[in-house]
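Here are a few notes to help you find your way around this model. Keep the structure open beside you and follow along point by point.

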Amino acid sequence: MKKKKWVPMLLAVGLLVVSPLSFQPAEATSHSTAAKEYKLPAKLANLMNIAPEHQFTLRKGSTRLEVKLLQWTLNHYGLKTAVDAVFGTATDKNVRQYQKDKGLKVDGIVGVNTWAALYAEHKKPTDPEEELPAELRNLMDIAPEHQFTLREGSNRMEVLLLQWTLNQYGLKTAVDGVFGPETKRNVQQYQRDKGLKVDGIVGVNTWVAIYREHQ
């Protein structure tokens with residue numbers, strides 16, 4: 001009889017040995033470390049070939065493949081979300097939390113600015129030591145006073161040059177060609193650092209400073 005009593009105890013110990021730390025509470029996951037090792041599935045990665053400004057606007061009640069990309073990314077960010085392609089109450093709650101974290105309008109609607117932020121979750125920031133890509137350096141053949149004035153909402157190749165330079169300067173910015181809230185905040189910080197007018201608008205004086213970063 002004593003021998004039989006040891007059997008369940010040994011089984012219990014064996015289970016602990018086989019699966020140590022395999023189940024961690026969701027609360028222990030931080031935004032900075034959540035699911036960073038997981039690769040975005042190909043069918044979802046393909047959706048990112050569509051520019052953020054051309055993506056479908058998603059809201060509570062949406063049922064599309066794009067919702068899966070949204071949900072997968074929220075999980076990747078650290079907000080536990082069921083990846084079921086149904087934009088329900090839990091997804092709406094997490095979208096609002098994500099928008100709040102990113103300084104976006106908190107409305108639960110996934111439009112251009114929220115899409116741009118979501119896309120950036122899958123892109124590594126530019127290495128400050130990396131050389132400016134040729135197609136962006138070519139834009140600098142245009143004198144600063146003849147450059148396009150950029151502001152929140154701008155969507156041009158020149159925005160890529162701006163964002164790349166902000167990264168090089170040390171202000172982490174998604175290089176996606178979309179001048180969203182994150183880019184505006186970093187432009188304002190850059191202007192503050194350089195003693196320029198802090199308005200978030202990239203005009204002649206800000207362009208002159210940006211060009212100097214590459215000289």
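1. Let's begin where helix α4 ends: the residue that follows α4 is Gly103, and its phi is positive, near 75°. Please keep in mind as you read that this is a predicted model.

2. Now look at α4 itself, which runs over residues 89–102. With 14 residues at 1.5 Å a residue, the helix should span 20 Å, and because its end C-alpha atoms are 20 Å apart, the expected and computed spans agree.

3. Which residues of α4 are buried? They are Thr91, Asp92, Asn94, Val95, Tyr98 and Gln99. Viewed down the helix axis, these buried residues fall within an arc of 165°, so they line one face of α4. That buried set packs against α3 (65–77) and α5 (112–120). On the face turned away from the buried side you will find the exposed residues Thr89, Lys93 and Lys100.

4. Staying on α4, have a look at Asp92 and Arg96, whose side chains meet in a salt bridge at 3.0 Å, N to O. Both residues belong to α4 and sit four residues apart, about one turn of the helix. An α-helix has 3.6 residues a turn, so residues three or four places apart point the same way. Asp92 counts as buried because its relative accessibility is 13%, under the 20% cut-off. Arg96, in contrast, is partly exposed at 32%.

5. How many salt bridges does a search of the whole structure find? It finds five. One of the pairs is Arg64 with Glu66, where the closest N and O atoms are 2.9 Å apart. Arg64 is partly exposed, with a relative accessible area of 34%, while Glu66 is buried at 6%. Arg64 is worth a second glance: its charged end also sits over the ring of Phe56, 3.5 Å from the ring centre.

6. A similar arrangement of charge and ring appears at Arg156. Its charged end sits over the ring of Phe148, 3.5 Å from the centre.

7. Next, the aromatic pairs, of which the structure holds four. Among them is the edge-to-face pair of Tyr169 and Tyr190, with 4.9 Å from centre to centre and 85° between the planes. Tyr169 lies in helix α7 (residues 157–169) and Tyr190 in helix α8 (residues 181–194), so this pair ties together parts that are 21 residues apart in sequence. Is Tyr190 buried or exposed? Tyr190 is buried, with a relative accessible area of 1%, whereas Tyr169 is partly exposed at 29%.

8. Another aromatic pair is Trp207 with Tyr211: the ring centres are 5.9 Å apart and the planes stand at 75°, so this pair is edge-to-face. Both residues lie in helix α9 (residues 204–212), four residues apart, about one turn of the helix. Trp207 is buried at 0% relative accessibility, and Tyr211 is buried at 6%.

9. Finally, move to the segment after α9. Glu213 forms a salt bridge with Lys194, the closest N and O atoms being 3.2 Å apart. The pair links distant parts of the chain, with Glu213 in the segment after α9 and Lys194 in helix α8, 19 residues apart. Glu213 is partly exposed, with a relative accessible area of 24%, and Lys194 is partly exposed too, at 38%.

Note on methods
Residues numbered from 1 in each chain as written. Predicted model: local features only at pLDDT ≥ 70, side-chain atom pairs only at ≥ 80, totals over all residues. Heavy atoms only, no water. Helix = DSSP H or I, 4+ residues; strand = E, 2+ residues; numbered from the N terminus. Expected span 1.5 Å × (residues − 1). Buried < 20%, exposed > 50% of the residue type's maximum accessible area, 1.4 Å probe, protein only. Arc of directions from axis to C-beta. Contact = heavy atoms within 4.5 Å. Phe/Tyr/Trp six-rings, centres within 6.5 Å; stacked < 30°, edge-to-face > 60°. Lys NZ or Arg CZ within 6 Å of the ring centre and 35° of its normal. Salt bridge = Lys/Arg side-chain N within 4 Å of Asp/Glu carboxyl O.
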